[in-house]
Number of protein chains: 4
Amino acid sequence: MTGHAAPGRKRSDAARRAILDATFRLLEQEGFDRLSIEGVASLAGVGKTTIYRWWPGKGVLAVEAFLDAVAPAIAFPSTASARADLLSQMRLLAEIYRGPTGRFVREMIGAGQSDPDMREAFIEGFLAPRREAAREVFRRGQANGEFRPGLDPDVAIDSVYGAIYYRLLVSSGSIDDGFVEELGKTALNGIALH
Amino acid sequence: MTGHAAPGRKRSDAARRAILDATFRLLEQEGFDRLSIEGVASLAGVGKTTIYRWWPGKGVLAVEAFLDAVAPAIAFPSTASARADLLSQMRLLAEIYRGPTGRFVREMIGAGQSDPDMREAFIEGFLAPRREAAREVFRRGQANGEFRPGLDPDVAIDSVYGAIYYRLLVSSGSIDDGFVEELGKTALNGIALH
Amino acid sequence: MTGHAAPGRKRSDAARRAILDATFRLLEQEGFDRLSIEGVASLAGVGKTTIYRWWPGKGVLAVEAFLDAVAPAIAFPSTASARADLLSQMRLLAEIYRGPTGRFVREMIGAGQSDPDMREAFIEGFLAPRREAAREVFRRGQANGEFRPGLDPDVAIDSVYGAIYYRLLVSSGSIDDGFVEELGKTALNGIALH
Amino acid sequence: MTGHAAPGRKRSDAARRAILDATFRLLEQEGFDRLSIEGVASLAGVGKTTIYRWWPGKGVLAVEAFLDAVAPAIAFPSTASARADLLSQMRLLAEIYRGPTGRFVREMIGAGQSDPDMREAFIEGFLAPRREAAREVFRRGQANGEFRPGLDPDVAIDSVYGAIYYRLLVSSGSIDDGFVEELGKTALNGIALH
DNA sequence: GACTAAGCGAGACGGTACGTCTTGTCTTCAC
DNA sequence: GTGAAGACAAGACGTACCGTCTCGCTTAGTC
């Protein structure tokens, strides 16, 4: 036990809320690149110090605002067939990434390349849980004999989801239903003929 | 035809060289994020105007400096077996991305998410040629019966290379030899038992 | 009498002491300009509120800390001759102002120009008593026939001490013994030949 | 000869004017203490950098704006009698210091106590020329036998003008005509009966 | 040989945002 | 009710770059 209660004024939840809301609004309207701490403070009616007190920079702040506003949703269904579950996860992800969330994810992975804290926060808060759900499906598929037993789950997941993120970030190809079906066939059945 | 030669002083190749060299030096030492036109101009002993005259911004400038300094190398071998060629391409890419080039590629794909010109320049100048080489191998594999005939080459390539870029950009997993071998098996043979 | 004893906790003398001591330490080390309530609170181990509860601002606080630490000393001697007493007051003041106290006085008169409370506090606490002592000597000199009877004491004092403060605040000339002797001659005997 | 003309864009006189004018306006309306570089930049429609490029800080800037706006005026008359000239200088100074200029001078001497550059600039630009004029009168007075020959001019001037500045800065006494006349008598004829 | 472009270095300019500092107020808990 | 702790809104600090705009100076054709 630490024993003593912390002295001093409590953190203001109103300020926290105002900051996250303002951040998300600006993220939506201007994009991450044009987001500024100054802008957030001004829109939230908050001192800059208050932001710097609780967040290390605009990267992590943006991630938290995004998670706060968007993440709650998005849960994966689970049925008897691992193969079907995997495909339905892929379809859901593709659908989401075609919408506004896709832009946020692009921007956050992008900006994360030069902001380790942000990268960490985004992986931890957004990608890791989804990856864990996928890994779960994959393990189930191996257990019930649907998937090859010898494969490394992480590599298999990279192969399936990597393709989606690659399209999102790099390739100009769209992430439409056709692509997802095709990817399902390719990844599940393999490229080599025999 | 315009017919007439343009009047006025010719573009200085010395300035061009100095700018590209300075840009690459700063890119190496400071990273893309901390790169600034001001810094390049100062290090190159060049006016800022000269940079803005020929490049639209630091994004495209960095891409050109990178291509100028690094890209010339990196060519893929070609043998009788498409499968072997694909694996050797993957191994080569993995090796390169483990080294300093990996950081440049990460930074450029990252920054490209909020700079369309840069994204375009990087894809055009760096990724597209490599993708074309991979597509070539894939088509050969389909032609000589090594690879499944029905597959969309682009999707197949996304599945293989997407996994590598996913590791580079997002996952904390390293892109070591074991990963590449495993990825080869997974992607070529498929995930589903059949 | 209000009858009732004041309720609540008594003012902490320890806090008062810690605040005045910390203020004076910072005044010595950093100068008035760089003094901050924040710094005082931190060095004294005291909440800012406690300072604001008892002092209107850093100006008055600094004056009180200065008076608390320095003022007790400095008393003027008194002999039979008003002329001698006046000169000895001038010499004493000059000596003090050549030392560290000179800097405090400079800073306080300076800062007082944009802080009326501080100005008031410094005059009341430091300058007025000394001026009164001088006025006393002057009156004695008029009474015993050493000084001209018609003169306004305040103007006479301004003429003598004003010169010293002028040197302190404005002129780059030093306030050395030679200056004081010369000033004595000039002020006492006058500038005009007859 | 340096030979080469300075390269680069010339300093903008429009910006210089706008800055000085804005500074003086704010100085008048808000006082030196509440003057801020930010405020000047905003009112002048100028980047902060432009101010920092040419002035070391708000102190020196304020002095220059003051000199630019106010100083041109104020010249001393010169007649046959040094005594009369001295008195007329004193009266003129007193009159000016009773007006708005008095506040500027108070603030500048005050702030100069913690800003050496500003102090230097104000003495150099404002006080020194006036002191030189006074010294000139005094020397003339000594030369033509009006004033005591043995006196140090600087000390004599300190004694006369010091009293005025002392009233301005410290004493609450007003600098009215009565005071000036009285000061004239006291300083010129001396305090001691003799 | 003069004229007319355009390129070039230098660097001033109006801005935006940075991350820090301090102000004076408010809130909480301990005494 | 006092006091230590510390959060809060506000706003200025001085710095770094942005992208644009003069400058005066080289080049190169074109007349």
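The following paragraphs describe a predicted model, beginning with the surroundings of DNA strand E and continuing to the protein cores and the contacts between chains. Residues are numbered from 1 along each chain as its sequence is written, and chains are lettered from A, and ligands numbered from 1, in the order in which they are written. In this predicted model, local features need pLDDT of at least 70 and side-chain atom pairs count only at pLDDT 80 or more, while totals for chains, interfaces and linings use all residues; side-chain values use heavy atoms, with hydrogens and water left out.

DNA strand E is surrounded by 43 residues, where a residue is near the strand if one of its heavy atoms lies within 4 Å of it. The closest are Tyr52(A), Ser12(B), Glu38(C), Lys48(C) and Trp54(D). Of the atoms of DNA strand E that come within 4 Å of the protein, 59% belong to sugar and phosphate. By class, this surface holds 11 nonpolar, 17 polar and 15 charged residues. Here Ala, Val, Leu, Ile, Met, Phe, Trp, Tyr, Cys and Pro count as nonpolar, Asp, Glu, Lys and Arg as charged, and the others, Gly among them, as polar.

Individual distances to the phosphates can also be given. An N or O atom in the side chain of Tyr52(A) is 2.6 Å from a phosphate oxygen of DNA strand E, and for the side chain of Trp54(B) the corresponding distance is 2.7 Å. At Gly47(B), a polar backbone atom is 3.2 Å from a phosphate oxygen of the strand. Among the elements that give two or more residues to this surface are α2 (37-44) of chain A and α2 (37-44) of chain C. The most is given by α3(D), with five residues. Helices are DSSP runs (H or I, at least four residues) numbered from the N terminus.

Away from the DNA, the largest nonpolar core has 132 residues. Such a core is a set of buried Ala, Val, Leu, Ile, Met, Phe, Trp, Tyr and Cys residues joined through side-chain atoms within 4.5 Å, buried meaning under 20% relative accessible area (1.4 Å probe, protein chains only). Tyr97(A) and Tyr97(B) are among the residues with the most contacts inside this core. A second, separate core of 130 residues includes Leu61(C) and Ile96(D).

Between chain B and chain A, the contact (heavy atoms within 4.5 Å) takes 47 residues from each chain. By contrast, chain A and chain C do not touch, their nearest C-alpha atoms being 10 Å apart.

Methods
Polar contact = N/O pair within 3.5 Å; in protein donor to acceptor, adjacent residues only side chain to side chain. Buried < 20%, exposed > 50% of the residue type's maximum accessible area, 1.4 Å probe, protein only.
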